[in-house]
Amino acid sequence: MGLRSADWTRRRLLVMGTSLPFAVGCASRSSSGAIAPVWRATTEFEPQKAIWVTWGDAGFLGGSSMMDTMIPVLKEITPEVRVRLLYNAWTSWQEQMAMPDPPRTATEMRLQISRKLEAEGIDRDRIDFQESPFLFGAIQDPGPVFLRAPDHGLGIADFASAHPLPLVGGLDRMLTEYMGIPAISSDMVSDGGNR
């Protein structure tokens, strides 16, 4: 596409047909009683340091293969922006539900993914792999929702979750540990990709 890295924004990715989450900013009251912003949601037009994706060979809930979409997206965006790829030892959400014990190790799965990326001509040096304890159908459903502090530092909104699987609600906290950024906790329940 011939774009500079600074041109990659959420809005640009949304135009390409990929959904990313957003959230309202968190605020606190100052000593004078006025509401002072503490954290704000990142906006669709801000440049992205990285795009998060999940890896699953099969389609989610019986749909067509995620790779039919993911491989072309990765080919298009990796020259312009880093990708953070969330994966685990299973190849699909259905496989994980059917098999409590994975048929391969996470290391074997990462090697399998790397071989597929290489076969497709995708630069693996532009991809950061992040192992996850649970294979998510799509990263936009459980998060992360990035927040920015007044000093421009990043945090992740740690929403409460009503999801029946605690691992799903815990993804945001897992990613804050991986990235070394704070979790901004909220009692507001937020599950799913319809933010």
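User: What makes Glu120 partly exposed?

Analyst: Glu120 has a relative accessible area of 26%. Buried means under 20%, exposed means over 50%, and partly exposed is in between (1.4 Å probe, protein chains only). The value of Glu120 falls in between, so the residue is called partly exposed. This is a predicted model, in which local features need pLDDT of at least 70 and side-chain atom pairs count only at pLDDT 80 or more, while totals for chains, interfaces and linings use all residues. Residues are numbered from 1 along each chain as its sequence is written, and side-chain values use heavy atoms, with hydrogens and water left out.

User: Why do Lys75 and Glu120 count as a salt bridge?

Analyst: A salt bridge is a side-chain nitrogen of Lys or Arg within 4 Å of a carboxyl oxygen of Asp or Glu. In this pair the closest N and O atoms are 3.2 Å apart, so the rule is met. Lys75 sits in helix H2 and Glu120 in the loop between helix H4 (106–119) and E5, so the bridge ties together parts that are 45 residues apart in sequence. Lys75, at 41% relative accessibility, is partly exposed too. Helices and strands here are DSSP runs (H or I, at least four residues; E, at least two), numbered from the N terminus.

User: How many salt bridges does a search of the whole structure find?

Analyst: The search finds 10. One of them is between Arg173 and Asp158, with 2.6 Å from N to O. That pair links distant parts of the chain, with Arg173 in helix H6 and Asp158 in strand E7, 15 residues apart. The two ends have different surroundings: Arg173 is partly exposed at 36%, whereas Asp158 is buried at 9%.

User: Which residues are linked with Arg40 in a network of salt bridges?

Analyst: Arg40 shares its network with Glu46 and Arg148. Between Arg40 and Glu46 the closest N and O atoms are 3.0 Å apart. Arg40 is partly exposed, with a relative accessible area of 35%, but Glu46 is buried at 13%.

User: What makes E3 and E4 a pair of strands?

Analyst: Two strands pair if DSSP finds at least two bridges between them. Five bridges join E3 to strand E4 (residues 82–87), so they qualify, and they run parallel. Ile51, for example, stands opposite Val83 in E4. E4 and E5 also pair in the parallel sense, over five bridges, and Leu86 has Gln130 in E5 as its bridge partner.

User: Why are E3 and E5 called edge strands?

Analyst: The three strands form an open sheet in the order E3-E4-E5. Strand E3 (50–54) and strand E5 (127–131) each pair on one side only, and that puts them at the edges. From one strand to the next the twist averages 25°. Helix H2 (residues 67–77) packs on the sheet, touching E3 and E4, and its direction makes about 165° with that of E3. Such angles run from 0 to 180 degrees between N-to-C directions of lines fitted to C-alpha atoms, for helices over the stretch in contact.

User: Why is E5 described as largely enclosed by the rest of the structure?

Analyst: Four of its five residues are buried, so the description holds for E5 even though it is an edge strand.

User: Which elements do the buried residues of H6 pack against?

Analyst: They pack against E3, E4, E5, strand E7 (154–160), helix H5 (166–169) and strand E8 (183–189). Contact here means heavy atoms within 4.5 Å. The buried residues of H6 are Leu171, Asp172, Met174, Leu175 and Thr176. Helix H6 (residues 171–179) lies across E3, E4 and E5, at about 125° to E5.

User: Why does Arg104 count as buried?

Analyst: Its relative accessibility is 17%, so Arg104 falls under the 20% limit. Arg104 lies in the loop between helix H3 (93–98) and H4. Leaving aside neighbours within four places in sequence, its contacts include Trp90, Glu95 and Met109. A polar atom of its side chain also lies 2.7 Å from the backbone oxygen of Ala89.

User: Is His152 buried or exposed, and what makes it so?

Analyst: At 56% relative accessibility, His152 passes the 50% limit and so counts as exposed. His152 is in the loop between strand E6 (146–148) and E7. Its phi is near 80°, a positive value in a residue other than glycine.

Terms used: Polar contact = N/O pair within 3.5 Å; in protein donor to acceptor, adjacent residues only side chain to side chain.
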